[in-house]
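Reader: I would like a close look at one part of this model, the site around the ligand. Which residues are around the ligand, and which elements do they come from?

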Amino acid sequence: MLNIALPKGRLGEKVYSMFDRAGFPCPALMENSRKLIFDNEKAGVRYFWVKPSDVAIYVERGAADIGVAGKDILLEYRPEVYELLDLNVGKCRMAVAAPESFRDRPDRTLRVATKFSRIARDFYSSRGRDIDIIHLNGSIEIAPILGLSDVIVDIVETGTTLRENHLEVIETIVPISARLIANKSGFKFKTEQIEQLTEEIRKEVEEA
Ligand code: PRP
C-alpha cells in the first residue's frame, strides 16, 4: 500500500481528482463523512486527509510515503523530503503588501507581519535589510491597518483580501503551487510504485 497524505479542503479535492484520473481512485474519499483515512486495496493506495500545513510533517516522518504540499510550506519549514513534481494547481504567490499610503524609510527597521517568518527573513536578509518579524497565525492583513506592522508577507491568490482591506502588493517574493513530495526512505523501498504514480500524475498535469 502506498500511503498518501492529501491536504483537506478545495485544493485536496482537486488534487485527489488528478490521482483518480491517473488510475489511483478511492471513491469513498469523496463521501461526505468525517472519516479521515480511506483505502483502495485494489489500486494499492491509502489516502489520509490532513491539515494542509501538516502534510509535510506526515511525509517527512514517514507516516505517509507521499503527499501534496504547497511550495510555501516547503520553503517555510524545509522538511527533509523529496520534491517530485510541480502539480501546477493551488497557484498563488508569496508577496510583500502594504497599505496604499505606505512609503518605505530604508533607514528604519521594517516591521513585517507574517505567518511565514523564515521566508520573510530570507527575503529581507538577501537584501541586507533589517526587519522586525511579527509572527501571526492568520488574518495578517489587519496588522498594518492597526499599525502593528509596516508591511505583510503573505499569500496572494486573487488579490481580493488585499483589495478589500486597502492594501496592495509591493513586490512578489516567489510564485507558489502544490508539489508532490515523498518520504526519503519510503522512496527507496517503494521506488517503482512511487515513480509509476509520479509518471501517471505527470501526464495528468501535462494534459490539464
Ligand atoms: C490566505 C492568505 C490571504 C488570502 C489570499 O488566507 O493568507 O489572507 O488567502 O487570498 P486572495 O488573494 O484570493 O484574497 P487563508 O484563507 O489561508 O486564511 P488565513 O487568514 O488563516 O491566512
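Author: What follows goes through the ligand site and then the chain that holds it. The model is predicted.

The residues around the ligand are Lys115, Gly138, Ser139 and Glu141, followed by the run Asp154, Ile155, Val156, Glu157, Thr158, Gly159, Thr160 and Thr161. Sorted by class, this shell has six polar, four charged and two nonpolar residues.

Oxygen atoms of the ligand have polar partners in the protein, among them Lys115, Ser139 and Glu157. Lys115 takes part through its side chain, with a polar atom 2.7 Å from a ligand oxygen. Ser139 takes part through its backbone, where an N or O atom lies 2.9 Å from an oxygen atom of the ligand. For Glu157, too, a backbone N or O atom is involved, at 2.8 Å from a ligand oxygen. On its own the ligand has 500 Å² of accessible area, and the protein covers 65% of that.

The ligand takes up the space of the largest pocket. Two elements give two or more residues each to the shell: strand 9, residues 151–156, and helix 6, residues 160–164. Strand 9 makes the largest contribution, with three residues.

As for the rest of the protein, the chain has 208 residues, of which 44% count as buried. The chain contains 11 strands and eight helices. Its C-alpha trace spans about 60 × 35 × 30 Å along the principal axes.

Terms used: Residues are numbered from 1 along each chain as its sequence is written. This is a predicted model: local features need pLDDT of at least 70, side-chain atom pairs count only at pLDDT 80 or more; totals for chains, interfaces and linings use all residues. Side-chain values use heavy atoms; hydrogens and water are left out. A residue is near a molecule or strand if one of its heavy atoms lies within 4 Å of it. A polar contact is a pair of N or O atoms within 3.5 Å; within protein, one must be able to donate a hydrogen and the other to accept it, and residues adjacent in sequence count only if both atoms are side-chain atoms. Accessible areas come from the Shrake-Rupley method with a 1.4 Å probe; for residues, only the protein chains shown count as cover. On a 1 Å grid over the protein atoms alone, a cavity is a set of points where a 1.4 Å probe fits but cannot get out, and a pocket is an open set with protein on both sides within 12 Å along at least five of seven lines; lining residues have an atom within 4 Å of a point. A molecule sits in a cavity or pocket if more than half of its atoms lie within 2 Å of its grid points. Helices (H or I, at least four residues) and strands (E, at least two) are DSSP runs, numbered from the N terminus. Ala, Val, Leu, Ile, Met, Phe, Trp, Tyr, Cys and Pro count as nonpolar, Asp, Glu, Lys and Arg as charged, and the others, Gly among them, as polar. Buried means under 20% relative accessible area, exposed over 50%, partly exposed in between (1.4 Å probe, protein chains only).
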